[in-house]
Amino acid sequence: LLQDAQKSSVLNNDVLGAFLQSRQVAGLSRPIVIQFWHDMVLDSSNATCVFWKPGPAGTGSAGSWSRDGCKTTHAEGTVICHCDHLTYFAVLLLQVNVLSPAQLASLTCISTIGCSLSAAATLCTLLLCCFFSTPCPPSSCRQRLRDNTVWIHVHLLAALLLLNCSFLLSTLLAAGSKELCQFTAALLHTGLLCALAWMGAEAFHLLLLLVKVYNIYIRHYLLKLCLFAWGLPVLAVVAVFVSKRDAYGYHTISTSEGYGNTTIVLSTRCWLTSRSAHFATLCYAGLILLFNTLVLGRVGMILRRIRQQTGQARKDWVTVLGLTCLLGTTWGLAFFSFGVFLVPQLYLFTILNCLQG
């Protein structure tokens, strides 16, 4: 009775029954309100109001929990159920954490070490690019595009450095004040959006170099890329931070023991707390990664045709494979976090992306 087929469980093992002896009550125009108190960290993603629905007579089934006719709202320390009928009610804790505490701890360790190495390598490469790169005189449109390549790399390096450093600070500063944590979360969000934008800029630049090779001239080309890849993300984050500062704050990484009745907090960091902002970020990343994947596919087709004609495109293939790191195609693994792919995807995503720098 207290667990469903998905190994979810009932909050505090509390089940409340409400009935009228004379008749069955259903389809109420004004729902009844039932409150369940708790001392856990819950939201609509892992706690929902349900009622017990008996199985059909003669089938041998005792029944199951159902959400039909019930809506769930949350207040501090309380789950509030609004249901349009009378029966047995409970709050079902969904078993959403399929990783053990050891796995989550190892992923945290990998990401911390990888981001530290990436930050150091990115900083060194950034300094080398700044001190030893001397652009050649632009003798042609194509030469001008090639001269801009190193500066696009420099901006991507700067964005990755910001992303890695703010990620590392997001854990350290989570123990500080709420305002400091909100600022750190906004900085981390900015680093992520800018890094993805510069990966998109890398794909656009690659498209110009290898596909649109004739008579290409874009006035203030690098400035326009900076406005897109730095300006738009910063403007978006500032707008969210000013209008809805609570969208940033403390984000707890936890797992459950005993099918959700005991919560083990593994770490706390500063990150997005708004579901709408999180969803918008996923859509933004998905569009950029889709564009980058299409560009890589187009470049691959061109190089295959060149290889069939000349047989000398092996070096270009190696170059494009190297550029897949710059274009961030490995970030697309985030969209495969379901089912049997979840655990290997999380390890691959963590290892490949935290070492991108």
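Strands β6 (residues 70–75) and β7 run antiparallel and are joined by 6 bridges, where strands are DSSP runs of E with at least two residues, helices are runs of H or I with at least four residues, both numbered from the N terminus, and two strands pair if DSSP finds at least two bridges between them. The model is a predicted one, in which local features need pLDDT of at least 70 and side-chain atom pairs count only at pLDDT 80 or more, while totals for chains, interfaces and linings use all residues. Residues are numbered from 1 along each chain as its sequence is written, and side-chain values use heavy atoms, with hydrogens and water left out.

Within this pairing, Cys-70 stands opposite Cys-83 of β7, and the hairpin has 2 residues between its strands, with Gly-77 taking a positive phi near 70 degrees. On the other pairing of β7, 6 bridges link it, again antiparallel, to strand β3 (residues 32–37), and here Gln-35 has Ile-80 as its bridge partner. The result is an open sheet of 3 strands with antiparallel pairing, in the order β3-β7-β6. Because β3 and β6 stand at the edges with a single partner strand each, one side of each is left without a neighbour in the sheet. From one strand to the next the twist averages 25 degrees, the axes being lines fitted to C-alpha atoms and the angles running from 0 to 180 degrees between N-to-C directions. Strand β7 (residues 78–83) is mostly covered, with 5 of its 6 residues buried, that is, under 20% relative accessible area with a 1.4 Å probe and protein chains only.

For the helical part, the unreviewed UniProt entry places the feature "transmembrane region" at several spans, including residues 150–174 and 186–209; such annotations may be inferred rather than shown by experiment. In the model, residues 150–174 are 92% helix and 0% strand, with end C-alpha atoms 36 Å apart, and residues 186–209 are 100% helix and 0% strand, with end C-alpha atoms 34 Å apart.

The largest nonpolar core, a set of buried Ala, Val, Leu, Ile, Met, Phe, Trp, Tyr and Cys residues joined through side-chain atoms within 4.5 Å, has 35 residues, and those with the most contacts inside it are Trp-198, Met-199 and Tyr-248. Elements giving two or more residues to this core include α2 (141–172), α3 (178–210) and β10 (262–272), and α3 gives the most, with 14 residues. Leaving aside neighbours within four places in sequence, Met-199 is in contact (heavy atoms within 4.5 Å) with residues including Leu-156, Asn-292 and Trp-331. A second, separate core of 14 residues includes Ala-47, Cys-70, Val-79 and Cys-83.

Methods: Buried < 20%, exposed > 50% of the residue type's maximum accessible area, 1.4 Å probe, protein only.
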